[in-house]
Every structure is written in C-alpha cells, then in structure tokens.
Amino acid sequence: MQAWQVHENGEPSEVMRLEDVERPTPGDGQVLLRVRAANVNFPDALLCRGQYQVRPPLPFTPGVEICGETEDGRRVIANPALPHGGFAEYVVADAGAVLPAPDALDDAEAAALHIGYQTGWFGLHRRAHLQAGETLLVHAAAGGVGSAAVQLGKAAGATVVGVVGGAGKAAVARELGCDVVIDRHTEDVVTAVKEATGGRGADVVYDPVGGAAYAQSAKTVAFEGRIVVVGFASGTIPSPALNHALVKNYAILGLHWGLYNTKNPKLIQHCHEQLTELAAQGAIKPLVSERVSLSAAASAVQRVADGTTTGRIAVLPAPENGATA
C-alpha cells in the first residue's frame with residue numbers, strides 16, 4: 001500500500017515521503033481499517049517536527065484522525081494507532097475506541113468530527129460549563145479547532161465572538177455563525193471585545209493559540225469567567241500571571257482531550273453520541289475547506305503548520321468525493 005513516511009524530524013514538506021510499504025497488521029485488540037478520509041490536524045505537523053507529546057519511532061506515518069471502513073463494511077471514525085497513521089491507504093486502530101461515523105456527514109466531514117469537536121465539547125461543557133445566554137470568545141475562529149467551538153457554542157445558545165486574522169477568514173467566521181467577528185489584523189482585539197460585550201468581557205474564552213492571544217484572553221475575560229487553554233498554535237506557551245486571575249476572579253482551565261481516552265473513556269462515547277445528535281439536527285457540520293488526494297498530503301500538513309488554511313483539509317486516499325491533487 002501507499003503511505004507517507006517520516007524518517008527524520010523536520011518541516012512536513014521536507015520530511016514526509018510517499019512510499020510503498022507493507023499493510024499494517026493488527027495487534028491484540030486492534031482492527032484493520034481502510035482509510036476513506038484522513039483529516040489534517042496541527043498535531044500532525046508537531047509529530048513531523050518531533051514536538052508532539054507522543055513521539056512514535058521513526059519511520060512513522062502521521063495522521064491522527066480518520067474516517068475508515070472495517071473489513072465487514074462498517075463506516076467508522078478512529079484515531080489510528082501510531083506509528084501507522086492516517087495518511088495511508090490502511091491503518092490499524094484500537095477496537096475499543098472505534099466509533100460509528102454519523103450518517104449525516106460524508107467521509108471528509110466525519111474524519112474531521114472527532115478530535116476538534118470532542119475537544120470543543122469537553123472544553124466548553126465539561127471544563128467551562130458554558131451556559132445559554134453567556135458570551136463565548138473563540139480565538140482562531142475560522143480554523144479547524146476554532147470553527148468547531150464556534151458551532152458548538154451556537155448550539156449551546158451562547159453569543160459567539162470570533163477572532164480571526166484577515167478578511168477571508170472573517171467571512172468564513174460569519175458563515176459559521178459568529179455573532180461578532182474581530183479581525184486582529186485591522187482591529188484591537190481587547191477594545192473590540194469590550195465594545196461587543198458592553199465592557200463586561202467574555203464569560204468563556206476558548207484559546208487554541210496561546211502567545212499574544214492568551215494575553216488578550218486575560219484582558220477580556222469577564223468576572224468569574226473561564227479561559228480554556230486548548231493549545232499553542234502560535235508556538236509560544238504563555239506564563240499566566242496568577243495574581244491577575246486572583247484579583248479578577250477568573251479560572252484558567254487546561255484541556256488535554258486525549259487523557260479522557262485513558263482516564264474516563266465512557267465520556268468519549270457519551271460525547272460522540274451528543275455530537276452525532278447535533279450533526280443529525282444540522283447544528284454542527286465540520287467545515288471542510290479542501291479535499292485533496294493522498295499525493296498532496298505533505299503540502300496540506302505544511303499549510304496547516306503555517307497557519308494559512310481555514311477549516312479542515314481532508315486527504316482522500318481514493319480519488320473520489322471531489323478530491324484534487
């Protein structure tokens with residue numbers, strides 16, 4: 001089969017190579033899946049760079065999220081068991097963690113549902129306890145992780161303020177349902193958030209960016225607000241001033257979604273049931289901006305790493321569903 005292999009760490013476009021390799025063999029408790037679509041995530045770039053919290057042995061295939069097909073023809077979503085990642089024709093996955101793909105979503109959309117939307121659901125509901133009528137501020141609102149949070153926030157009845165970089169991404173954020181869109185390239189984020197909230201600030205801030213975005217979060221979070229720290233796409237990990245959290249009465253909440261797989265896997269299943277129902281209602285639908293062929297995977301991972309994409313890019317090993325090279 002064909003699979004992208006990383007033999008040394010570095011930038012995705014430089015270290016990913018498309019090769020002919022042996023089809024992976026499932027171990028105990030694993031299943032073989034044919035990849036119908038693989039979603040590109042920022043962690044794929046971190047894997048290539050050797051900067052992710054999981055470091056598979058070299059060589060490995062990146063790709064942490066797929067929609068696949070079981071040997072008996074069932075359509076499922078899964079996180080492949082590294083080093084046999086999703087940018088390949090076949091993967092193996094832990095049988096107990098395989099979930100049914102929602103009928104309301106096509107392969108590319110289903111591949112993009114799992115990590116981003118589970119992260120959003122756990123962040124907004126399990127950690128921050130977002131309530132209807134509250135204001136949610138989402139950084140990188142047009143990106144893969146941010147767009148999921150926007151849709152989930154709207155589904156929960158929140159007023160959603162989205163921060164984006166550029167006019168094109170601003171248009172996407174509006175289409176996603178943001179009530180207020182702030183272009184950080186042309187507007188002062190802190191001033192704009194305070195104006196949008198009558199000076200009160202945001203009840204919940206969803207931050208997958210870190211760096212300067214976190215500094216803005218601390219300045220715009222409301223009294224008894226909650227900042228959910230999801231990731232550091234900016235490349236800069238902030239050092240929160242805890243005295244500021246004390247005098248302003250807000251909470252800083254960390255979210256590492258992957259821990260739930262080991263600490264409380266039943267919650268993963270419960271969340272998937274909630275997301276499946278929301279998809280059936282049309283309340284959420286992953287924003288798949290591009291569908292590309294397997295040969296274009298390295299370029300796609302690099303563009304996600306560079307922060308130049310909106311929504312999700314899906315890699316389709318088989319030339320179907322409108323994939324382009």
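## Side-chain contacts in the predicted model

Glu 290 counts as partly exposed because its relative accessibility is 28%, a value between the limits of 20% and 50%. The structure is a predicted model, and this report describes charged and aromatic side-chain contacts within it.

**Salt bridges**

Side chains of opposite charge can pair when their charged atoms come close. Glu 290 does so with Arg 303, in a salt bridge whose closest N and O atoms are 2.6 Å apart. This contact links distant parts of the chain, since Glu 290 belongs to strand E14 and Arg 303 to helix H12 (residues 297-306), with their positions 13 residues apart in sequence. Arg 303 is itself partly exposed, at 25% relative accessibility. Shared partners also join several salt bridges into one network, made up of Arg 34, Arg 36, Glu 69, Arg 75 and Asp 107.

In total, the structure holds twelve salt bridges. One of them connects the side chains of Arg 291 and Asp 106, with an N to O distance of 3.1 Å. Arg 291 is located in strand E14 (residues 288-293), whereas Asp 106 occupies the loop between strand E7 (99-100) and helix H3 (107-111); the pair therefore ties together parts that lie 185 residues apart in sequence.

A further salt bridge is formed by Arg 200 and Asp 203, with their closest N and O atoms 2.6 Å apart. Here a partly exposed residue, Arg 200, meets a buried one, Asp 203.

**Aromatic contacts**

There are two aromatic pairs. In one, the ring centres of Trp 121 and Phe 122 are 5.3 Å apart and the planes stand at 80 degrees, so the arrangement is edge-to-face. In the other, the ring centres of Phe 122 and Tyr 260 are separated by 4.2 Å and the planes meet at 35 degrees, so this pair is tilted. Because Phe 122 lies in helix H4 (residues 114-127) and Tyr 260 in helix H10 (residues 260-263), the contact ties together parts 138 residues apart in sequence. Both Phe 122 and Tyr 260 are buried. Trp 121, Phe 122 and Tyr 260 form one aromatic cluster.

Elsewhere, a charged side chain meets a ring: Arg 23 lies over the face of Tyr 90, at 3.8 Å from the ring centre.

**Accessibility of selected residues**

| Residue | Relative accessible area | Class |
|---|---|---|
| Asp 106 | 28% | partly exposed |
| Arg 200 | 47% | partly exposed |
| Asp 203 | 5% | buried |
| Trp 121 | 12% | buried |
| Phe 122 | 0% | buried |

Notes
Residues are numbered from 1 along each chain as its sequence is written. This is a predicted model: local features need pLDDT of at least 70, side-chain atom pairs count only at pLDDT 80 or more; totals for chains, interfaces and linings use all residues. Side-chain values use heavy atoms; hydrogens and water are left out. A salt bridge is a side-chain nitrogen of Lys or Arg within 4 Å of a carboxyl oxygen of Asp or Glu. Helices (H or I, at least four residues) and strands (E, at least two) are DSSP runs, numbered from the N terminus. Buried means under 20% relative accessible area, exposed over 50%, partly exposed in between (1.4 Å probe, protein chains only). Rings of Phe, Tyr and Trp (its six-membered ring) pair if their centres lie within 6.5 Å; planes under 30 degrees apart count as stacked, over 60 as edge-to-face and the rest as tilted. A charge sits over a ring if NZ of Lys or CZ of Arg is within 6 Å of the ring centre and within 35 degrees of the ring normal.
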